[in-house]
Amino acid sequence: MADTHIRASADALLRAPASARGPRDPAAIIRWTLLAMGAIVMVMPIVYMLSASFKYPYEMYNLNIIPKEPTAENYAYVLSDGRFYRWFANSFFVATCTTVSAVFFDALVGYALCKFRFRGRLIVFIAILSTLMIPTEMLVIPWYLMSRSFGWLDTYWGIMFPGMMTAFGTFLMKQFFETVPDDFLEAARIDGLNEFQIWWSVALPMVTPALSALAIFIFLGNWTAFIWPLIVTNSQELYTLPVGLTTFSVEQTVDWELIMTGAALATIPTLIVFLIFQRYIIRGIAMAGLKG
Amino acid sequence: MATVSIQNLVKAYGKTEVLHGINLDVADGEFVVFVGPSGCGKSTTLRMIAGLEEVTSGEILIGERVVNHLEPKDRDIAMVFQNYAIYPHMTVRKNIGFGLRTSKLPKADKQKRIDEVAAILSMTDYLDRKPAQLSGGQRQRVAIGRAMVRDPAVFLFDEPLSNLDAQLRTQMRLEIKKLHQRVGTTIIFVTHDQVEAMTMADRIVIMKDGHIQQVGTPAEVFHKPANVFVAQFIGAPSMNMLDGVYAGGVITTAGRRVAVALPLPDGAAVTVGIRPDDLRVSDGAALFEGTVSVLEPLGAETLAHIDIGGRDVIARADGRAPPPVGARVHLSADTANMHFFAPDGEALR
Ligand SMILES: Nc1ncnc2c1ncn2[C@@H]1O[C@H](COP(=O)(O)OP(=O)(O)OP(=O)(O)O)[C@@H](O)[C@H]1O
Ligand SMILES: [Mg+2]
C-alpha cells in the first residue's frame, strides 16, 4: 500500500516536467498559442514588407505572401537611385552621432546623479524625468521655434540636437550605476585617478550591458525617427531614410513596392548594430555575474 | 613608512556626531587593529585617515604632515576593501598595476614591481587571469597586491577577511601578519572579530559608540581590561560578570564572600569579572557551588554552563571527562585572576 503510494508520487514527479513541455498540458497549450499569436503579429509586417518588395505593382494589394511573379526590379530601381544612398548615409550619420553623444552624456549625467551628493541633485533628477512625460509630437513645436531662431533649420545639427542627450538614458544609467559598489570608486580615488578617469575606466566598464542596450535603443530610435527630421529638413540632400522613402510616393501613384524595398534595405544596419552590441551585452552579463 | 597620529578627531553626519574626539598615536611600522561592535565608527575613522571622509574637527597626521585637506592619492596610503574592489574587466596584472597608473616610473620598472608583488603573494601563475577565474582568497590577494605595488607609507584594511570562509580567513590572517613582518609598513586594520584582532595586532584599539575604550597590546587588553565593555568584548566565551556589594575588604556576591582590598566605600556596588578559564571545576574548598545546566563540547575542552543560585556562569571543564548535566559542582577561582569594576564600568585595579 505504502509502496504503491510512493511509486505513484514518484511517477507523478517524473511525469511532471514532461507533461509541462508536452502538448497535453492545457496551460502549455495556452502559453504556446499566445506566444505563436504574438510572434505572428510581430513578424507579419516584416514578412509582408519583404514579400511586397519582390512584387510588381499590380500584385501590391493581393495579400499573398509568395509573389506570383517575383522580381528584383524594385531593388534594382531603388539601388540605382542616387538619392537612396544619400539618405542612407544621412540616416547613418545622424543616428551614429546621436547614439555616441547620447550614450556618453546619459552615462555621465546618470553617474553624477547616482554617485555624487550635491545641492539640487533631486531637483535636477526630477526635472530630467519629467521631460519623459512629454511626447515628441508636442516637443516638435518648441524645437522648431528654437531651430528657426538659431538658424538650425535644414542642417544636420538641426536634425540631431534633440537627441544628443536623452532623459530615458540618463535615468537608465543612473539606475545601473547604483549596482557599482562605491568601494570600486574609492579604491580608484586612492589609486590617484581623477573623477573623470574613475568614471571612464572604472565605472563605465562595469555597466557595459546597460551601455549596449542603451546604444541599441538610441540608434534604432534615431534610425527610424520620422516626424522631427521631416519637419526640420527642407532640401532632399538632408533627408534621412524614413523621410526620403516617403518621397518615392510623392508622384501620382503611391509606389508602395518601392517604399517596401527601401524599408527592407533600411533594416539591414539595424540588424548589424544589434548583432554587434548583442555580443557586448552577453559578455557584460557574464562579467556582472562576478560577485565579491 | 610613517607614523599616524590622530588628535581629537570628531566626525558628524549632519547633526549626529558618530566619533566623539579620538586620540591615537600609531608608531612607525606598527600593526594596529581597530575592533568593536558594528556601527562603533571603525570604518569611519579609517576612511577619514584615507581621505574618503571629511574631517569634522581634529587633526590627522601621517608622518609629520597634517593631511586633513590632502586628497587620498596624496596621503601616501593604500587601502584594501572588504569586497576586494578589484576590477572585473581587467586581468590580475592590470589590476595590480592599476595602483601604479599615476606613478612616473618607467614601464619596465612598473612591470618588475608587479612581478615582485605577485611573487610575494604567490600570484605569479595567475597574472593573466581575470578576477572571475580566481577564488575569494586569490581575489583578496590581488587587492592586497594592488595596495602593495605603490609601496605606501601606511596600509589601511577595512575588514578584508570577512568575505572569506573560516579556514581561508585563518590562513590569510597569518599571511597578512607575515607580510607585515616582511615589509614592515605601518598597518591599520579594521575588524569586528576579536580573534583577528588578538592574533594580528601589535596594539588593539577597542571602540564603542564613537569612543575609544582602550588601547593596548593583546595581552594588556585581555589581562587588564579597562572596563566592563572591553572585558566582555575580548575573549571568548565572554567574561562572567557577577554583581556584588563591597564592605570592609570583602565583596559579597552570589551569596559568597571574596576578600579583596578595593578603593571603595562600604556598601558600594561592584562587579566581579571572572574569565571562564579562571573558573575551575574543583573538589575541595570552593568559591561557588552550582548545578551544571548545559554542556558545550569543543573537543579539547568543554564549556559548562553552571547555575549558581539563579545566575548562569560559564566555566571551562575538561574535554574528556566533563561533569554530567545536572551534577552538583564546586567552582574555584583565584582572587588574583579576578577583575573588579565600579558601577560606572571602569576597572578598579
Ligand atoms: N554616510 C553616513 N551618514 C550618516 N551616518 C553614517 C554614515 N556613514 C556611517 N554612519 C554612521 O556612523 C556610525 C559609524 O559607522 P561605521 O561605518 O564607521 O561603523 P563600523 O564600526 O565600521 O561598523 P561595521 O562593523 O558595521 O562596519 C554608524 O552609526 C553609522 O550609522
Ligand atoms: Mg565598517
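## Contacts with ligand 1

A polar contact here is a pair of N or O atoms within 3.5 Å. With that in hand, let's look at ligand 1, keeping in mind that this is a predicted model.

B:S38 makes a good starting point: a polar atom of its side chain sits 2.5 Å from an oxygen atom of ligand 1. At 2.5 Å, that pair falls within the 3.5 Å cut-off, so it counts as a polar contact. B:C40 joins in through its backbone, where a polar atom is 3.2 Å from an oxygen atom of the ligand. Then there's B:Y13, with a side-chain N or O atom 3.3 Å from a nitrogen atom of ligand 1. On its own, ligand 1 has 630 Å² of accessible area, and the protein covers 57% of that.

## Who else is around ligand 1

So much for the contacts; what about the rest of the shell? The residues around ligand 1 are B:Y13, B:V18, B:S38, B:G39, B:C40, B:G41, B:K42, B:S43, B:T44 and B:E159. By class, the shell has 5 polar, 3 nonpolar and 2 charged residues.

Which helix gives the most to this shell? That would be α1 of chain B, running over residues 42-50, with 3 residues.

## The largest pocket

Now for the pockets. The largest one has a volume of about 860 Å³. It is lined by 29 residues, and the ones closest to its centre are A:W143, A:P162, A:G163, A:M165 and A:T166.

Several helices of chain A each bring at least two residues to this lining: α6 (136-150), α7 (156-160), α8 (167-177), α11 (208-223) and α12 (227-232). Of these, α11(A) has the largest share, at 5 residues. As for the make-up of the lining, 22 residues are nonpolar and 7 are polar, with no charged ones.

## The second largest pocket

The second largest pocket comes in at about 580 Å³. Of its 19 lining residues, B:G51, B:L52, B:E53, B:E54 and B:V55 lie nearest the centre. Two elements give two or more residues to the lining: α9 (182-190) of chain A and β1 (4-13) of chain B. The strand β1(B) gives the most, with 3 residues.

How does this lining divide by class? There are 9 charged, 6 nonpolar and 4 polar residues, whereas the lining of the largest pocket has no charged residues.

Notes:
Residues numbered from 1 in each chain as written. Chains lettered and ligands numbered in written order. Predicted model: local features only at pLDDT ≥ 70, side-chain atom pairs only at ≥ 80, totals over all residues. Heavy atoms only, no water. Near = heavy atom within 4 Å. Polar contact = N/O pair within 3.5 Å; in protein donor to acceptor, adjacent residues only side chain to side chain. Areas by Shrake-Rupley, 256 points an atom, 1.4 Å probe, with all protein chains shown as cover. Helix = DSSP H or I, 4+ residues; strand = E, 2+ residues; numbered from the N terminus. Nonpolar A, V, L, I, M, F, W, Y, C, P; charged D, E, K, R; others polar. 1 Å grid on protein atoms, 1.4 Å probe; cavity = no way out; pocket = protein on both sides within 12 Å on 5 of 7 lines; lining within 4 Å. Points joined across faces, edges and corners; volume = space filled by probe spheres on them.
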